[in-house]
Amino acid sequence: MKLVPLGDRVVLKQLIAEETTKSGIVLPGQTKEKPQQAEVIAVGPGGIVDGKDVVMQVSVGDKVIYSKYAGTEVELEDEEYIVVKQNDILAVIK
């Protein structure tokens, strides 16, 4: 199966946060909060949404920062995804 977002929706896969100690040792999964960084998995077509012309500004593979309480969490084939509107994406990480 495949998630295909509609309108101005974007499917994100949350990046795994790793905490590094001062000496450089990586401690995976030790963060208290989920990070708001994710990778774009799928992008909707944009078009006319709520009477306004929406141009999609992100593309598949982009790393982004999104709003903390945005979106809907979805589990598909043992993978967790977040479906958000494009305006819930705050920045693209270059």
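In this predicted model, Arg-9 has Lys-85 of strand 9 as its bridge partner. This pair of residues belongs to a longer antiparallel pairing, in which strand 1 (residues 9–14) and strand 9 (residues 79–85) are joined over 4 bridges. Strands of a sheet pair through backbone hydrogen bonds, and the pairing may be either parallel or antiparallel.

Strands 1 and 9 are part of an open sheet of 6 strands, which follow one another in the order 8-9-1-4-7-10 with antiparallel pairing. The edges are taken by strand 8 (72–76) and strand 10 (89–93), and because each of these has a single partner strand, one side of each is left without a neighbour in the sheet. When direction is ignored, neighbouring strands of this sheet are turned by 40° against each other on average.

The segment before strand 1 contains Asp-8, which has a relative accessibility of 8% and therefore counts as buried, the cut-off being under 20%. Beyond its neighbours within four places in sequence, Asp-8 is in contact with Val-49, Val-54 and Met-56, and also with Val-84, Lys-85 and Gln-86. Lys-85, one of these contacts of Asp-8, is also the bridge partner of Arg-9.

A further feature concerns the surface, where Ile-65, Leu-90 and Ile-93 form a nonpolar patch with about 250 Å² of accessible area together. Of these residues, Ile-65 is located in strand 7 (residues 63–66), and its relative accessibility of 31% is the reason why Ile-65 counts as partly exposed. In the order of the sheet, strand 7 stands between strands 4 and 10.

Methods. Residues are numbered from 1 along each chain as its sequence is written. This is a predicted model: local features need pLDDT of at least 70, side-chain atom pairs count only at pLDDT 80 or more; totals for chains, interfaces and linings use all residues. Side-chain values use heavy atoms; hydrogens and water are left out. Patches are made of residues with over 30% relative accessible area and no salt bridge: like charges are joined within 9 Å, nonpolar side chains (Val, Leu, Ile, Met, Phe, Trp, Tyr) within 5 Å. Accessible areas come from the Shrake-Rupley method with a 1.4 Å probe; for residues, only the protein chains shown count as cover. A salt bridge is a side-chain nitrogen of Lys or Arg within 4 Å of a carboxyl oxygen of Asp or Glu. Helices (H or I, at least four residues) and strands (E, at least two) are DSSP runs, numbered from the N terminus. Buried means under 20% relative accessible area, exposed over 50%, partly exposed in between (1.4 Å probe, protein chains only). Two strands pair if DSSP finds at least two bridges between them. Axes are lines fitted to C-alpha atoms, for helices over the stretch in contact, and angles run from 0 to 180 degrees between N-to-C directions. Contact means heavy atoms within 4.5 Å.
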